[in-house]
Structure formats: C-alpha cells, structure tokens
Amino acid sequence: MVAASTVPPVQIDPGVARARSAMAMSVFAVVGDRIGGIILRDTSAGAQEWLAALRVRLPVATRMIRLPASATDDRIFGGLDLAATIATGSPVAERGVLADAHGGIVVLPLIERMPVATQARLGAVIDTGVAQVLRDGVNAVFDARIAVVAIDESDEEVWGVAAPLRDRLALVLDGDVRVDESLLPPAVVIEAARARVAAVHADDAVMQGIGALAAAFGITSERAARSALWTARALAALDARDEVTEADVALAAQLVLVPRATRMPADTAAPPSDAEPPPPPPPPADSATGEPPPRESPNDGQLEDRLIDAVTAALPPDLLASLLARAQRPSQEMGRAGAEKESWIRGRQIAARRGKPDGVRRLHVLETLRTAAPWQRARARDEVGQPSRSLIVERDDFRIRRYVERAGTSIIFVVDASGSAAAQRLNEAKGAVEALLAESYARRDRVSLIAFRGTTAEVLLPPTRALARARKLLASLPGGGGTPLAAAIDAAVSAGISARRGGTLPVMVFLTDGRANVARDGRGGRAESMRDVLDAAAKFRACSLSCVLIDTSARPEPMAQRVADALGARYVPLPVLDARAIAGAVTLARETA
Amino acid sequence: VRVAFPFSAIVGQEQMKLALLIATVDPSVGGVLVLGDRGTGKSTVVRALPALLPPMKAVEGCRYGCDPAANGARCDECRARALHIARGKLPIIDKPVPVIDLPLGATEDRVVGALDIEKALRNGEKAFEPGLLARAHRGFLYVDEVNLLEDHLVDLLLDVAQTGENVVERDGVSIRHPARFVLVGSGNPEEGDLRPQLLDRFGLSVEVRSSDDVAMRVEVIRRRDAYDRDATTFLATWEAADSAVRAKILAARKRLPSVQVPDAVLHRAVQLCVDLGTDGVRGELTLLRAARAAAALDGAKTVTDAQVQLVAPMALRHRLRRNVLDDGGSGTRVARAISAVYGTT
C-alpha cells in the first residue's frame with residue numbers, strides 16, 4: 001500500500017513536553033512583545049487550553065484578540081470607515097484589530113489559511129510596532145505593539161506560518177502544547193519578571209554562547225539570536241535573578257533556536273580551529289557596548305561546546321531529524337509558488353481594482369460604493385440645478401472583482417524504460433496515464449511522459465489533455481537498455497520548470513527502481529551514475545517541485561528510497577504494478593501538492 | 001518612533017552597504033535589489049539611511065521636494081511660482097533625504113496620488129494630493145518582500161523609476177510631476193519566483209547572507225543588544241563613524257563627474273559583459289556607472305580594474321540568462337567570467 005517516506009512523528013515524553021510548554025508560556029508572558037510571539041503547532045485542542053492557561057496569568061486589562069485567517073486587510077490593519085465617511089462626507093480612517101490590540105495579544109488561529117502577503121504585513125507590524133494604512137483614500141499610522149500567538153494546524157511536515165512571519169515569532173512549541181499548570185508561576189511572579197527583565201545583565205560569554213549555538217544549528221537569522229537573548233533574560237527574571245546563566249541560554253536555545261535548526265551541530269569534539277577566526281570588525285570606539293572587549297580566554301571554546309552539547313542532549317534524536325526534514329522541505333508558500341494565478345472569473349476573491357467592467361470583468365458593487373462614498377456631498381453640490389440623484393457614481397469609482405484561482409495540474413511521468421521490466425512498467429504507466437486523463441477530463445489537468453533508456457531521456461508525450469492523441473503516442477513505446485537516471489532527472493527539471501512557467505502546478509511521478517547505471521556523459525558505471533543522480537537530484541530539489549517516486553522493484557529497493565530522499569519526493573513502493581494503484585498514488589500526490 | 005540602528009554599526013553586509021552608497025553617489029545606476037535569508041538585517045540597512053545621508057537642498061514649500069538646481073525638472077507648481085519671483089529664484093531649505101516605506105497592501109491611489117478629497121469637499125477645489133511616489137522624489141523607495149507586492153504595483157513602480165516622472169490621470173485630475181527615486185526591493189527568492197522582467201530592471205542586485213563566522217555573529221548580537229537597551233548612548237557612540245561615511249559620500253558626489261574610465265579598463269569591462277552574454281547595453285552601462293561611483297567613493301580619479309571587479313557581481317548577476325542546470329548560482333558564473341577576463345582567481 002501507499003507508504004510515505006516521511007519521518008515518523010516524534011514521541012516526546014509528555015512530562016517534558018508540558019514542562020517546556022509551561023516555560024514557553026512564562027517567557028511569552030514576560031517578553032512576548034519584545035520577541036514577536038509564539039507559534040503553537042498543534043492539531044488538537046491543546047492550543048485552546050494553552051490560551052486559557054495564559055489568560056489567567058496575565059493582568060485582567062491585557063487585551064487578547066482573535067483574528068480569523070479570513071479577516072480582510074481593512075479589518076486587520078485599518079481602513080476607511082464607510083459609515084462615518086458617508087455621514088461626514090470626508091474620509092474617516094478606521095482602526096483595525098491590530099491597533100485595537102495595541103499593548104496586548106493577537107491570536108491567529110489556522111494561520112496556514114492566511115494569505116502569505118497578509119502574514120508578511122503582520123511581520124512588518126511586529127517589527128515597527130505600528131500598523132500603516134495606505135489605502136482607499138486613507139493615510140494613517142496606528143500604534144500596534146503586539147505579541148502574537150499563531151496556531152499552526154498544518155501537516156507535521158510543513159510550516160503553515162509563512163517565512164516572513166515565522167522569522168519574527170521567536171518561540172515555537174511543537175506537538176502537544178498543553179501545559180503542566182503546576183509548573184506555571186503565579187501572576188505576581190510574572191508581573192515582577194516583567195518589571196525586572198530589561199535590567200537583567202547578560203555578560204559577553206552569554207552573547208558568545210548564543211552566537212555559537214546559532215552557528216552550530218545553521219540559523220542565519222540575526223533576529224532569532226536576539227530573541228534567544230531576550231528569552232534567556234526572561235528566564236533569569238522569572239527566577240528573580242539579575243544575571244543570565246549558562247542554563248538560561250541552553251533553555252532559551254531549546255525554545256527559540258532549535259526549532260529553526262537547518263543542520264545538526266558538527267561533532268563538537270572535532271577542533272573547529274581549521275583557520276584562525278578573523279577578528280570582528282573594529283568598532284570605532286573602544287567598544288560599542290561600553291563593556292570590556294571580549295577576553296580571549298581559553299575557556300570560551302569550552303563553554304560553547306558545553307552549551308551545544310547540553311542543547312543537543314536535551315533533544316530526542318528523532319526530533320532533530322524531523323525538524324531538519326521540515327527545514328529542507330519547501331514550506332507551504334514555496335510549494336504553492338506559481339500554483340495560483342489571477343483571474344477575473346473564478347477562484348478566491350482578492351482586493352478589487354480600478355477598472356472598467358465588461359463582458360469578462362465584473363463590477364464589485366460594494367467596493368465601488370466605498371470609493372464613491374466620500375465624494376457624494378461634493379458631487380451633489382456640482383450637480384445643483386440638475387435633477388437630484390440619491391447616489392452619484394462616476395466612472396473612476398468603478399472597481400472590478402479579482403480572484404486568484406488554483407492553477408491546473410501538470411502530471412509529468414518520468415518512466416524507467418530500461419532493462420527487462422521495461423515492457424511491464426511502460427504498459428502500466430500507459431494505463432495510468434490513460435486512467436488519469438480520463439479522470440482529468442473534468443479537471444484542467446495535463447499529462448506528459450518522459451521515458452529514459454539507453455543513454456538518454458526523451459519526452460515521449462508532450463503535455464496534453466487529449467486522450468486520443470496520448471493513446472496513439474503511447475501505443476508504440478520501445479524498451480530495454482541501460483538506466484540513465486541522471487539524464488532523466490535533468491529532463492524532469494526542465495519539464496517541471498516549463499510547466500510552472502505555463503501557469504500550471506507540476507506534479508512529478510518517477511517510476512523506477514533507482515538503480516542508475518548510465519552517467520550523464522553516456523558512459524556506464526554504477527558509482528559515477530549514482531554521483532550524477534545525486535547531483536541532478538539536488539538541483540531538482542532546489543526547484544521545489546512536488547514529486548512522488550514509485551519504486552517498481554520486486555521488493556523495496558534501498559537505492560530507490562535514497563533517490564527519493566535526494567529528490568525530496570514521497571517514496572511509494574509498489575511491487576505489484578498496476579495502473580490503478582499508480583493513478584491512486586498520483587492522485588494523492590496531487591492533492592497534497 | 002524609535003531611532004534607527006546606525007549604518008556604521010551594522011556588522012558585515014558589505015555588498016549591500018556598497019550598493020546603497022553607490023546609489024546615493026549616482027542614483028542613475030537604478031534601483032537596488034536585495035535578496036537573501038530572512039533576519040539578516042536587510043531592512044536595518046535601509047532604515048539606517050535617513051540618519052546617514054547628508055541633507056539635500058530643496059525648494060521651500062514644494063510638495064515634491066524639487067531640486068533648486070534642476071530647472072528643467074521642476075514640478076508645475078514650482079515653475080508657476082518661479083514666474084512671479086525675481087530671476088526665478090525660489091527660496092531654498094535643507095531637507096533630509098526621504099526614505100519611504102511602501103507597505104504591502106497599499107492601494108494604487110496612495111502610491112501615485114489622487115484627488116484631495118478634503119479640499120474637494122471643503123472648497124470644491126480639484127487639488128492633487130501627492131502619493132508615496134512624490135514623497136520619495138530624490139530619495140529612496142523601499143519595498144520589503146517585493147516578490148509579494150501585487151504585480152500591477154510593481155510594474156507601475158518600475159515604470160516611474162525608469163522615466164523619473166509620475167503621470168496621473170484619474171479622478172478627473174491630470175497631473176505630472178518629477179519622481180526620481182532609487183527603488184530598493186528586498187525579498188527571498190526561495191519563497192516565490194521573482195519575475196525575470198522585474199529582475200533586470202533593477203540596476204544592482206546583491207545577495208545577503210549571514211556570516212558563518214561566530215565572532216562576527218557574536219558582535220552582531222552584542223551591538224543589537226546594546227542598541228535595544230540604550231539606543232541614545234549607542235547612537236552617540238557611532239555618530240563619528242556615520243559622519244565619516246557622510247563626508248565620504250559628499251566628496252564622492254563632487255568627484256564623480258571628473259572620474260575617468262581608461263580605454264583599457266572599459267575594454268575589459270565590455271569583454272566581461274560579452275563573455276557573460278548579458279542582454280543589451282544596460283548591463284555595460286550599469287557596470288561602468290557603478291564602477292565610477294565606487295572609484296569616487298575610494299577617492300580615486302580614474303577607474304581601475306579592481307573597482308570593475310568589485311561591482312561586477314552586483315551589476316551583472318541578475319542579467320544572466322537563467323539556466324537551472326548550471327552549477328552554482330549566477331554569482332558563481334560572474335566570478336568565473338571575472339577570473340577568465342582578469343586572470344585572477
């Protein structure tokens with residue numbers, strides 16, 4: 001049956017998870033507004049319990065506002081107050097939810113449903129502390145210093161929080177986020193920590209430790225390092241201390257840095273001194289911070305190693321593996337890149353635009369009225385002496401509806417036509433193509449087929465929707481010869497990119513056992529071929545094409561699994577090939593693309 | 001509003017800083033596209049510009065910040081005013097160089113300008129209310145996440161940036177005014193393709209990475225924290241360094257018109273563009289302008305190969321024809337071509 005190659009869900013000891021969740025909540029309550037906020041990755045009701053527990057530990061006056069993912073831009077950031085505008089006859093700005101929440105907390109449920117551009121704007125608000133409105137005749141800036149709780153219910157394998165927002169929300173909790181309430185400090189302690197936190201001292205060793213941890217886990221964002229420092233300060237403040245300790249840093253790293261890891265720390269036993277590190281650029285004065293310059297004590301390296309060891313040891317090894325898998329997987333917005341296109345007719349509605357309605361473009365009545373509203377008094381005055389009209393709409397007011405629609409899918413089969421099994425594989429692939437085409441008549445899908453054998457890969461069936469044409473072309477497919485898998489992957493990249501350019505969403509389907517034996521230059525040899533395959537696969541992966549690899553060997557073949565991993569593909573062993581099963585796997589891939 | 005992080009205190013990001021300095025010395029190089037990882041301080045560099053840049057002379061009371069020296073490129077209002085003043089000399093003031101943020105979600109009327117509703121209602125007067133483009137005149141217009149900006153707005157910005165003039169025909173007003181600005185766009189190419197048409201209409205493009213060097217990263221954290229905790233003291237510490245950069249910009253602007261490009265240097269620069277197969281002459285022109293500005297910043301009277309090599313990646317990398325199967329990024333291809341032409345490694 002269909003088995004995905006994903007990393008199995010990580011089992012963290014529930015006690016540990018709840019303690020961590022409690023710690024994150026305490027930190028959020030103390031410095032939430034300084035570090036952007038928190039991401040709760042939980043598909044159960046745990047997030048609601050988390051919020052309820054948080055609520056009772058915040059001052060009663062703290063506002064906590066829920067913002068549904070479907071909220072419109074003017075409600076979120078502010079916009080034109082239609083009623084007041086009509087009443088007064090001049091444009092009146094209206095505050096949005098973010099301005100209403102100023103100094104408080106904004107909860108974003110189902111963040112994965114919120115458009116990426118909206119998430120990016122939220123990120124800008126977190127950065128600047130203001131919501132800037134520049135729309136519909138309104139120029140306004142509202143104070144909006146907020147702490148965000150984003151609830152991400154997307155699949156384990158991908159991020160639902162778009163990268164621009166993700167980078168600005170420091171804390172991340174994964175899996176079961178429910179808290180152990182007995183570990184939560186009472187509200188007075190939190191209040192005291194809030195008062196104390198800005199004065200908590202962090203010495204140079206702390207900065208070095210955080211810098212080393214960020215580098216070790218491959219985190220490029222400077223924002224993450226800064227947030228980790230504030231998290232460490234909050235932990236110290238919660239403990240009624242005025243000095244950040246090594247333990248604070250290690251805990252802060254678990255909450256802020258580890259969830260963003262893009263690599264495993266290199267073995268800390270290995271000497272990092274392959275070259276003497278270049279000195280930091282000299283500050284103009286003695287030191288920018290007014291603190292003594294970092295001492296070159298031989299212990300520094302040890303401290304960093306200790307921290308990295310401590311943080312790594314505190315993690316179940318599986319967790320890191322699954323985080324790394326997620327880091328390397330295209331996030332949702334990448335997967336969707338090019339998958340949506342603008343339309344006048346159907347799809348998800350987006351902001352209206354000025355324009356003239358015609359046979360295709362339709363008038364957006366409400367937006368048109370909104371545009372015309374401020375002018376009513378002036379226009380009425382201009383029309384003195386003419387028969388009075390209750391509403392004066394001019395051509396410049398016209399707004400037309402716009403939508404984005406999900407683009408059709410291009411299913412691209414890349415079929416191994418080499419060796420003995422070629423005939424059967426090809427036959428079943430043909431069957432699957434036909435099945436999919438028949439089924440896709442109702443949809444706007446296209447299907448194409450690339451076959452590889454001997455020394456080259458060639459496009460046998462260019463993207464088509466025409467069943468009859470496909471049948472004819474597929475009727476006489478040759479088989480046999482070597483397995484030039486690298487060449488096939490190269491061809492797949494080109495086909496995928498051009499499908500994407502054409503405005504469709506490519507879904508790649510490889511049918512192979514993964515045992516390449518012909519290199520790119522056409523010569524044989526397993527080692528060289530495999531090297532070329534992995535090189536080609538890396539490029540394929542960089543294009544973030546959604547992909548499934550169907551292993552056609554009699555029993556699951558490790559080589560095929562390895563190629564699938566390199567491609568970033570879903571691995572599906574299908575020892576008994578039949579067209580229906582292939583079509584099923586492809587349908588699955590398409591649904592999740 | 002809090003004070004911005006000082007330009008000189010930004011650790012690393014040398015390419016981005018150089019690109020912006022080049023654009024302030026010679027705005028005709030065109031916009032600057034900044035690509036790279038998130039949280040690497042792209043916005044910080046841009047937001048540091050207003051405090052860094054020397055103030056500019058502008059016509060007092062002009063809504064577009066017209067340049068008193070540029071007689072031909074004044075707005076209609078300044079032209080009309082000049083007719084009533086002796087020898088056409090309008091009063092002049094010092095004004096900070098504008099660095100305007102264009103938020104995602106801004107609508108077209110706020111960007112290009114529109115009929116002033118208040119005035120229309122109060123006095124029945126058809127007056128134009130300038131938009132962001134007018135405010136950005138002679139300065140910078142910054143779009144963070146430029147790949148998320150709606151296509152029609154991007155097209156509009158690029159069009160105005162190229163012609164230097166904003167033409168408005170809407171709501172019954174017909175207005176044109178100068179709008180010369182350096183468009184600075186930032187984005188992360190891994191999260192949605194940038195349209196190729198968009199790419200090569202930026203003059204310079206830089207890639208921002210965060211350093212793998214721990215010492216440098218620690219310095220970033222240290223300075224950022226010092227700023228977070230006491231911005232005033234931090235600013236005072238760095239004021240001298242910022243002044244030095246300011247003086248360098250002023251000197252470079254003065255020197256720029258007299259900077260020479262020797263024939264041999266020009267020849268090799270063109271050879272580089274030919275080898276890389278950049279389309280059209282835009283690449284060569286930008287490369288030379290950027291090299292001249294870099295020379296002026298170095299205090300040199302003539303452009304050398306070294307300056308051409310320094311700016312070649314930012315001037316050319318986004319003009320290469322895309323080849324997904326080529327090894328490495330376009331930066332590597334430029335580096336390869338440089339070592340072929342200049343024989344360096």
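**Exercise 1. How many residues does helix α10 of chain B have, and what distance does it reach from its first C-alpha to its last?**

Solution. The model is a predicted one.
- Step 1: Locate the helix; α10 of chain B covers residues 214-229, which is 16 residues.
- Step 2: Compare the spans. The helix reaches 22 Å from first to last C-alpha, close to the 22 Å expected at 1.5 Å a residue.
- Step 3: List what is buried. The buried residues of α10(B) include B:Val218, B:Val220, B:Ile221, B:Ala226 and B:Tyr227. Charged names also appear in that list, among them B:Arg217, B:Glu219 and B:Asp225.
- Step 4: Identify the packing partners. Against these buried residues pack α9 (204-216) and α10 (222-238) of chain A, together with α11 (231-255) of chain B.

**Exercise 2. Determine the strand order of the open five-stranded sheet in chain A, and place helix α1 on it.**

Solution.
- Step 1: Read across the sheet. The order is β2-β5-β8-β1-β9 in chain A, with parallel pairing.
- Step 2: Find the edges. Strands β2 (64-66) and β9 (171-174) of chain A each pair on one side only.
- Step 3: Consider the twist. On average, neighbouring strands of this sheet are turned by 15 degrees against each other, direction ignored.
- Step 4: Examine one pair. Strands β1 (37-41) and β8 (147-152) of chain A are joined in the parallel sense over five bridges. Within this pairing, A:Ile39 has A:Ala150 of β8(A) as its bridge partner.
- Step 5: Add the helix. Helix α1 (14-31) of chain A packs on the sheet and touches β1, β5 (105-108), β8 and β9 of chain A. The direction of α1 makes about 155 degrees with that of β9(A).

**Exercise 3. Explain why the buried residues of helix α21 of chain A lie on the same side.**

Solution.
- Step 1: Name the residues. In α21 (558-567) of chain A, the buried ones are A:Ala560, A:Val563, A:Ala564, A:Ala566 and A:Leu567.
- Step 2: Consider their arc. Because they cover an arc of only 165 degrees around the axis, they fall on the same side of α21(A).
- Step 3: Recall the helical repeat. An α-helix has 3.6 residues a turn, so residues three or four places apart point the same way.
- Step 4: Find the cover. The elements over these buried residues include α19 (485-501), β16 (505-512), α20 (526-542), β17 (546-551) and β18 (570-573) of chain A.
- Step 5: Look just beyond the helix, where A:Gly568 takes a positive phi of about 75 degrees.

**Exercise 4. Which residues lie on each face of strand β7 of chain B, and are they buried or exposed?**

Solution.
- Step 1: Sort by side. In β7 (140-143) of chain B, B:Phe140 and B:Tyr142 lie on one side, and B:Leu141 and B:Val143 on the other.
- Step 2: Assess burial. All four are buried, and both faces are thus covered.
- Step 3: Take the pairing with β4. Three bridges join β4 (99-101) of chain B to β7(B) in parallel; the partner of B:Asp101 is B:Tyr142.
- Step 4: Take the pairing with β10. Four parallel bridges link β7(B) to β10 (182-187) of chain B, and B:Phe140 has B:Val182 as its partner.

**Exercise 5. Classify B:Gly277 by its accessibility.**

Solution.
- Step 1: Place the residue in the loop between α12 (263-276) and α13 (282-298) of chain B.
- Step 2: Apply the value. B:Gly277 has 31% relative accessibility and therefore counts as partly exposed.
- Step 3: Note a spatial neighbour. B:Leu320 is 43 residues away in sequence, with a C-alpha to C-alpha distance of 6.9 Å from B:Gly277.

Notes:
Residues are numbered from 1 along each chain as its sequence is written. Chains are lettered from A and ligands numbered from 1 in the order in which they are written. This is a predicted model: local features need pLDDT of at least 70, side-chain atom pairs count only at pLDDT 80 or more; totals for chains, interfaces and linings use all residues. Side-chain values use heavy atoms; hydrogens and water are left out. Two strands pair if DSSP finds at least two bridges between them. Helices (H or I, at least four residues) and strands (E, at least two) are DSSP runs, numbered from the N terminus. Axes are lines fitted to C-alpha atoms, for helices over the stretch in contact, and angles run from 0 to 180 degrees between N-to-C directions. Contact means heavy atoms within 4.5 Å. Buried means under 20% relative accessible area, exposed over 50%, partly exposed in between (1.4 Å probe, protein chains only). The arc is that of the directions from the helix axis to the C-beta atoms. The expected span of a helix is 1.5 Å times one less than its number of residues.
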